[in-house]
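Thanks for sharing this one. Here are a few notes to read alongside the coordinates, starting with one chain and moving on to its neighbours.

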Amino acid sequence: MNTATQIFDDAEKGSSLWHDAWLRLRKNKLALFGGSVLLFMVIVALLTPWIAPYSYEAQNLDLGASPPSAAHWLGTDIFGRDVLTQIMYGGRISLAVGFIATAVALVIGVTWGAVAGYVGGRVDAVMMRLVDILYALPFMIFIVLLMVVFGRNILLLFLAIGAVEWLTMARIMRSQVQSLRQQEFVEAAVSVGLSPAAIIRKHVVPNALGPIIVYTTLTIPSVMLLEAFLSFLGLGIQPPATSWGLLISYGAETMEEYPWLLIFPGCALTLTLFSLNFLGDGLRDALDVRGSKD
Amino acid sequence: MALLNVDNLSVSFVTRNGTNKAVDNVSFSVEERQITAIIGESGSGKSVSCYAMLGLVPSPPGRIDGGTAHFQGQDLLALSEAELRAIRGRDIAMIFQDPMTCLNPFMKIGDQLIEPLTLHKGLAKGPAREQAMALLDEVGIRDPQGAMSAFPHEFSGGMRQRVMIAMALINEPKLLIADEPTTALDVTIQAQILKLIAELQTKRDIGVLFISHDLAVVSDIADQIVVMEKGKVVESGQPKAIFDNPQHPYTQKLLAAIPSGQKAADTVVPDPLINIENLRTWFTPTAGAAPVKAVDDVSLQIHRGEVLGLVGESGSGKSTLGRSILRLVPMTGGQISFDGIELSALEGRSLKQFRHRMQMIFQDPYASLNPRMTVYDTLAEPLLLHGLVNKAGLEQAIRELMDNVGLARAFVRKYPHEFSGGQRQRIAIGRALATRPEFIVADEPVSALDVTIQAQILDLLADLTKEYGLTMLFISHDLAVIRQIADRIAVMYHGKLVEEGATAQVFETPQQDYTRSLLDAIPGANAA
Amino acid sequence: MLRFMFIRILQALPVIFVVITATFFLVRSAPGGPFDQEKVVIPEVKQALEAQYRLDLPLHEQYLAYLGDLAQGDLGPSFKYPGRSVNEILFAGLPVTAELGLYALIIALCIGVTAGVFASLKPNTAQDYVPMSLAMIGICMPSFLLGPLLVLVFGIWLDWLPITGWGDIPGDKILPAVTLGSAYAAYIARLSRAGMLEILSQDYIRTARAKGLPEWRVVTQHALRGGLIPVIAFLGPAFAGLLAGSFVVETIFQIPGLGRFYVQAAFNRDYTMILGTTVFLSSLIVFFNLVSDIVAAWLNPRLRQQFQGGGS
């Protein structure tokens, strides 16, 4: 039916709120910097097995620990292993834990919060009471306990970390959904006759995404810190695998003689966390303004 | 010599989107012991002019481009921040629109009240509190002593505004600037506050600069009116001259937009489409607390083809009544029947099928549209949901809707935030009409709009009602608007139905005291 | 207000109960017992030991017996250090950790609030960017990285400050407290900045200026009250974090505090020690969260009235 499409052929293009937010984000230099660094780190992590200068296990006991040089850009550790390679492999683990655990927290938290927020009433009260109790539990203590008790299982690590972070995600999602539910356009959707499922899908979730995206971006560094913390205590990643947290803890032991073993992994971790935080802050600023009101 | 003489004032705002000239060569004056009113819609620059004089416009992004503002022999614009600060609160005082947000919620009223005294006159706390209490009494606060140790949220809107006025007058300024002081208040309270301001002005010999968007309100009290549009002064003069003989087309437009006159009284054939019996809608915010009886035992009939105006102030329950009919809030008791069918009995599927017969238009045109859906999406949704058109006919149907509500077709792919308030309301009206309903609840559909746009939307609604043969429940707090559009009126107060009758009858011979006080409070007696 | 407090306290009790129960069964369900790692023990001796520590009773009886002791404030004997009770060891380490936490918190509050408020007064200028970038560093650098770095720079290279011990050498409390407090200083700085920005954009600040108040008074008399509420509310969770963070700091600086005991106990499968420390620390955390909730609610006059059963 030609006439049908022709009716709106000369319609002007609209500028959605996402588009506006993207434009705003682009102008934020710090956020762009953070985003680029993060992208770089992720690409390097993905390509590590092919681009690392040395193999992960390669040791050079004659060389021992040596400061940065032409052959080893970031130096070597006491076994003669190339530090740059170690950092690259460690990064794979640290970033993986960060993204995966956050994803776990995201899925659980968003679903929980959306249901509690939309259904409201008793269901909401019960669901959030549970969250409150879990929230009040001193999780750090529990995680330490869990890791000691059940051994150093990387899967358990993901779950444990995810279990801590989903709570705040649930709270944010619930408060978003609650405030959206009272918005008049949701009432309008009800009066038009949409089913609750359709309303949540089409009207609530797209508008709740903003803070969720921001919070997710800020959860990743928090998760990475948690993993590093546990590894530092000896409770997280175990050798032969490595992570930035482990590298830092080794480096701290010998920092007097070989400071580069502490400084370089430290830089890698700090730089990544920086980038994530700048990106998250930038996203928060870009998505915050809802578009002009009259 | 005038108390305040503003000459060729220009103020711009420099933002990353460009420079906007908010105030462009504006001149006006306030004589001693007189009230000058500045009238304008949003974006006219009326508030910015006054804030700029007092140095209250944040300096980036605001910028004073030129002009003078002479007050008591000094040019305010040439003064330093320290000198201006000495004048603010002492010689020139301000009161603002929303007294809830304008009083510090964390400080007791008494502490806020004595600040101008202790600051400018160096009074000690004791004597300052004495003066403050005397002033609270003067502005009509019943228990000045108690009020001093209360917090703002413990008071109603009207009382808070009285406190603001007391705080402004405590240093006996020569000039009072009032920025939309009654806009956020209920109609009856508005009348009280206006009276108070007029009394105090005479008693204390002060000049008042009264900013408003409402010509009717200021016609009662102003000695001089200045009309602003888009940053420029388009006309100024005495009220009588402005109302009888407006020169500038914008002023004429403003005057024409004041809702006036009465709808031609077609006799309404009593044929109830909607029958409400003993409706109760109660809310219990926290378990165990006393319920809020938003709608308390209301019985009402709405006849086919009529526009019933539902009037009340905030807290009267009028919005809740509308929402109860539409099953947007659960009823606590009573019955509502629509075309003979009992609404409370409908659930799930049958309710959904019923919904297309009644729709709602909401008050806030921005909040009632999903910001992430284009006009196309918003209008298509109800059409597709109720199977009223197939894919082929969809675009045709949307085009028709847009034409009917006066939206340019080229805008169909745009998002709500790209439109003005009036246009957004048109989209909302289009959505309500999409399912060809028999009954529409319009909940304060024009209250959030500028006066000139308000008139357009009211005309649109009146036309559409006739064209589509709609029955409408028109909810508003604005009696003048209701008078223009409604066939019959129902008055609500604290959840109960107080009076009901044909529009002409209620306006000419109100039966109840409350109705009478509402009618008396309508501003603009002098304008008619 | 009292009603609010009462409700909150009631809400806190189940939490502590859940903590106790969960920890108890969690620890017990772990493979291995406290005596497995010792040098080889004759079965009869092992049995006797287990009887002494009630390990031969069915699990739920052990649980009930433990609850009974707990009600009397007795956290039981330590498995690892025979002859010493958990209470003893806990209270030996508590003052140290408490002092460390207190200093860290004071540092965090002073630096954080000052930086945050200062930055909020001129947003998006150098006055804002500099403190907030420093704050960002504080957040991104975990204590186990910052600690060693500080030790490296100030302890080893510059040799200005001592790097181990607590209370032995003057000045040895500085580095640990700074390390622990930095991350919190950073969070508090961001919180105060956000809180102040929110308040400074409110209408009543404009009213205060319209009254002719000088800017410093606008900030101190009007803005701070509301702006710092998020910081007060944060103190509870902050304290919880401080306790957790003390694990790391005590390890790095070899401070004989609770954190270090806890980690050691966890490794040693010292049941009563783990249980006792967890219960104690958790109760402390719950208590502090409670206090900070109550204080934050009290500071907001609207909430205060609501809970006093008055107000409109």
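1. Contact range in chain C. A quick reminder that we are looking at a predicted model. Taking the contacts in chain C between residues at least 6 apart in sequence, 73% join residues at least 24 apart.

2. Make-up of chain C. You will find 13 helices here and zero strands, so to speak an unbroken run of α in the pattern read along the sequence. Of its 312 residues, 42% count as buried.

3. Where chain C meets chain A. This contact draws 33 residues from chain C and 29 residues from chain A. On the chain C side, the helices that each supply at least two residues are α1 (2–29), α5 (126–140), α6 (143–157), α10 (229–253), α11 (258–268) and α12 (271–299). The side of chain C that touches chain A has a clear class profile: 29 nonpolar residues, four polar and no charged.

4. Where chain B meets chain A. In this second contact, 30 residues of chain A are in contact with 38 residues of chain B. Helices and a strand of chain B take part: α13 (348–355), β16 (358–361), α14 (375–385), α15 (391–405) and α16 (421–433) each supply at least two residues to the side that touches chain A. Among the elements, α15(B) gives the most, with four residues.

5. Character of the chain B side. Which classes make up the side of chain B that touches chain A? There are 15 nonpolar, eleven polar and twelve charged residues. For your comparison, the side of chain C that touches chain A includes no charged residues.

Note on methods. Residues numbered from 1 in each chain as written. Chains lettered and ligands numbered in written order. Predicted model: local features only at pLDDT ≥ 70, side-chain atom pairs only at ≥ 80, totals over all residues. Buried ≥ 20, exposed ≤ 12 C-beta atoms within 10 Å, placed from the backbone. Contact = placed C-beta atoms within 7 Å. Nonpolar A, V, L, I, M, F, W, Y, C, P; charged D, E, K, R; others polar.
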